[in-house]
Structures are given as C-alpha cells and as structure tokens.
Amino acid sequence: MSVPSLSAEPSAPASAVPSAEPAVPVDPGALIDVRARITELRLSAFAGHRRAAFPLGAVTLFAGPSGTGKSTALAAFEALARLGGGARLAEVFPDPPAWVPERARPDREGRRGFRIGCTADGAAGPVLLDVAVQAEPQLRIVGERLTAGGTVLLETALRDPARRAVQAAWHTAGTAPVTRAPLPDDRLGTPLLPLRVAGKTDGQRRVLAAAEQMIVALRSVFPCDPRPEFMRVPVPTGSGRLLPGCDNLADVVARTRTECGRRHALLVETVRAGCAGPVAGLLAERLPDGTVRALLDRGDGHRTDLARLGEGELRYIALALVLMTGPGVLDVDAPGEVPDALRTLTVLADGFDRCLDPGRRRELLGLAARMGERGHVRCVGAVSDGSWASGTPGVTVVDLGA
C-alpha cells in the first residue's frame, strides 16, 4: 500500500516521528501538569500533509492562505478525537479517499490510505498514538501504535486481509512480555484497552494509565464553528448544552445566567468589550410559544435582540461563551468519571477570526490566552493571516504558508 503500515514506516526527521529514546528523567521538585491534553498533532500522510508534526500549545493558530491545509489539520484532530471516543471509522471518514494524499499510488492489491497521530501529555508523561488507515478498497485500520517512554505499549497490524480484525499485542511485563488478541479493524484499539487489560502487573497498569490519558485528552475536544444565521432565531428550551454551531446560544445563556452568576458577569464584561454600543447585561427571554431568545441589555431600559447584531458580533459572543464555559455546558462527551483537575477541554475553531474586525479578534485571542494560562481550556484555531497574532504571549502561530 502506498501508505505503509506503522511497522513499515520509512525513516523521517526527528520532528516527524516518535523518538525511541528513553524518557528524560523528571526533576522530582519540578511542578508537573497532570491534566491530560494533546500537545502534538502528526500528519504523516493525510491529504496535503506529509511527514508533518505540529506542536500544540495552550492556544495554537494554524495560519496560511486557502489551500495550505489549515482546515485539514483541524479535521485530523477532530477525527482522532472521535475515534478516541469509540466512533467507528465509517462514521468519522464518510469519504475516506478524500484524505488520501493526492499523488499516492495504490499497491499491487489496489490499496491506498493515510496516517495520522498525536501526543497526549499528563500524569503518565508523553504518550504517543499513531494510526494507519486503509481507505481503498476497504476502509479499515491496518496499524495502530501506542508508545510511552520509548516502550511500545500497544501495537496492531493487519495480518489476514480476509478477516475483519487486526492482530493486537499489548505490553504485559509479567510471565509473558506481551498479550496477543484480535481487535476489530473498524475502530481504534486504544479505547478498548480498559475493557481488555486486567491491570494485574506493573506493565498492564502502565498500559492502562497511558491508554486512559490518551482517551481523556481526545474525548475532551469540542469542535466549534458558530453559525450566526441560526443564532438569530428563537430556540426551544432544552438541555442547556451548547451545540458545535452555537445554534442554541439563547438556551445556554438562560442556564449560565441562573447557575453561575460570577462566570456570567465575566462573560458580560467580555461581550461589552466586543460589541458596539453600551452593554449592561446578556439576557435570555422566554417567549409565549415556549422558545427563548437572547438579548443585550443596553442599561437604559432598552434591550437589543441578538437577531439585530452583525455576524462578527454574534461569532464573537458565541466563541467567548465557549471559551469561558466547560464540558458541563458544552455538548461534548467528556469522561465524567475523571475529575475536572485531570481534564483540559480543547476547543477546535476553524475560521477563528471569520467576520471579526481587528479589535474583536484581538479581544477574543486575549481571552483564549487567559483561559489557556489557567490550564483548563485550550484552543486550536485556523486563520488566514497569523501576523496579527504573532508575539502574543501564550499563543503559538503555525504558519503553513511559509
């Protein structure tokens, strides 16, 4: 296959593939961030990206003209997040050939595919996940590798193309060095490890710790692209959990205003800095038909329906709300069994600066940086021009057009 399995990967620069060297000893007195978070995205062969590795900070902006692969990088991140949550390949990649590198040639069996991966940092140290996917003629995982501290903790490979399974081997460090068993080829193996590994040996417990850290980091991802045309319409009251398109913003405003006064007050301050005219409050009004609409309180007895605001103002308000809330308010399948102190929400915002004027985008970036500094919310976005964000403390700009 033109995109080889993980066990047959060609050599690449150190920045593009995981290092096999032992982990550097950590100073016992150093402060270790135990919150699970994705710190690197690897696109070994994915659409227009080859042998690429992108470090991800608290706030990371992919910048470059159209066609440089900004949205592709965010799509790969979202795909890994969905796979980490247990989704099947066909759900994540409904059009798999679209992600195969354009000039990739099929092998003698007509197979083509792509490879993506990431690194999750946390209490278990850096944990690396790399996945090889066959897109043609059948969509299936043909290789997966989970690595920590230079040790391969899980490795899968497609041994028999006639079977819809891969052969998996995970680290045991007991009477047998590894345990072997078949796993399905239509979903990621790492999320299945907690169901298959007993945790009786130190090796097994190390596998579980690494797998759980990766799963927590990937499941704590919220793709967000506010759609102003839907935010202008009154919405039914529901769960109060914000959708990725922020369609139900009014319903969520009603919830945050009653449940968390301090956070809502901070949101109002942020809205005041990014909206035209005076802003004394952000309200939600229930209508006779049972729906709810959002309003700006102008402070003089007048209220402005959000339907009257421009697209830039609406996107600004929506993204500010996302950055200032958490998994309990966003429609994300976060691991509820994990304490908040061990989780970091990552917001994926394609078109981060879309429709925003220079003042609003600077305010929004500053908010993202402040939230990232606290450690509980990270942001990965895409912008056409990153020059305005370069040099902002806490912000990493990845220029794909350079």
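User: How many residues does the protein chain have, and what percentage of them count as buried?

Analyst: This is a predicted model. The protein chain has 402 residues, and 52% of them count as buried.

User: What surface does the chain expose, and what share do carbon and sulfur atoms supply?

Analyst: The exposed area is about 17,900 Å². Carbon and sulfur atoms supply 51% of that area.

User: Which secondary structure elements are there, and how many?

Analyst: The protein chain holds nine helices and 17 strands.

User: What part of the contacts joins residues 24 or more positions apart?

Analyst: Take the contacts with a separation of 6 or more. Residues 24 or more positions apart account for 61% of them.

User: Now helix packing. How are two packed helices described?

Analyst: Two values do the job: the angle between the axes and the distance between the axes. Here is one case. Helix α6 spans residues 249-259 and helix α8 spans residues 311-324. They pack at an angle of about 45°, with their axes 12 Å apart.

User: Why is α6 called oblique to α8?

Analyst: Angles under 35 degrees count as roughly parallel, and 65 to 115 as roughly perpendicular. The angle of about 45° falls in neither range, so α6 is oblique to α8. The crossing of α6 and α8 is left-handed.

User: Which residues make that contact?

Analyst: From α6 come L249, V252 and T256. From α8 come I317, A318 and L321. By class, that is five nonpolar residues, one polar and no charged.

User: Which residues of α6 are buried, and what do they pack against?

Analyst: The buried residues are L249, A250, D251, V252, V253, A254 and T256. L249, V252 and T256 also belong to the contact with α8. The partners of the buried set include the helices α5 (228-231), α7 (261-274) and α8. Strands β11 (235-236), β12 (281-286) and β13 (291-297) are partners too.

User: Try a second pair. At what angle do α1 and α4 cross, and within what distance do their axes come?

Analyst: Helix α1 covers residues 70-84, and helix α4 covers residues 202-219. Their axes come within 8 Å and cross at roughly 125°. Roughly antiparallel would need an angle over 145. The pair α1 and α4 is therefore oblique. Its crossing is left-handed.

User: Which residues meet there, and how do they divide by class?

Analyst: L80, A81 and G84 of α1 meet I215, L218 and R219 of α4. The residues of this contact divide into four nonpolar, one polar and one charged.

Technical notes
Residues are numbered from 1 along each chain as its sequence is written. This is a predicted model: local features need pLDDT of at least 70, side-chain atom pairs count only at pLDDT 80 or more; totals for chains, interfaces and linings use all residues. Side-chain values use heavy atoms; hydrogens and water are left out. Axes are lines fitted to C-alpha atoms, for helices over the stretch in contact, and angles run from 0 to 180 degrees between N-to-C directions. Helices (H or I, at least four residues) and strands (E, at least two) are DSSP runs, numbered from the N terminus. A crossing is left-handed if the near helix is turned anticlockwise from the far one by less than a right angle, and right-handed if clockwise. Contact means heavy atoms within 4.5 Å. Ala, Val, Leu, Ile, Met, Phe, Trp, Tyr, Cys and Pro count as nonpolar, Asp, Glu, Lys and Arg as charged, and the others, Gly among them, as polar. Buried means under 20% relative accessible area, exposed over 50%, partly exposed in between (1.4 Å probe, protein chains only). Accessible areas come from the Shrake-Rupley method with a 1.4 Å probe; for residues, only the protein chains shown count as cover.
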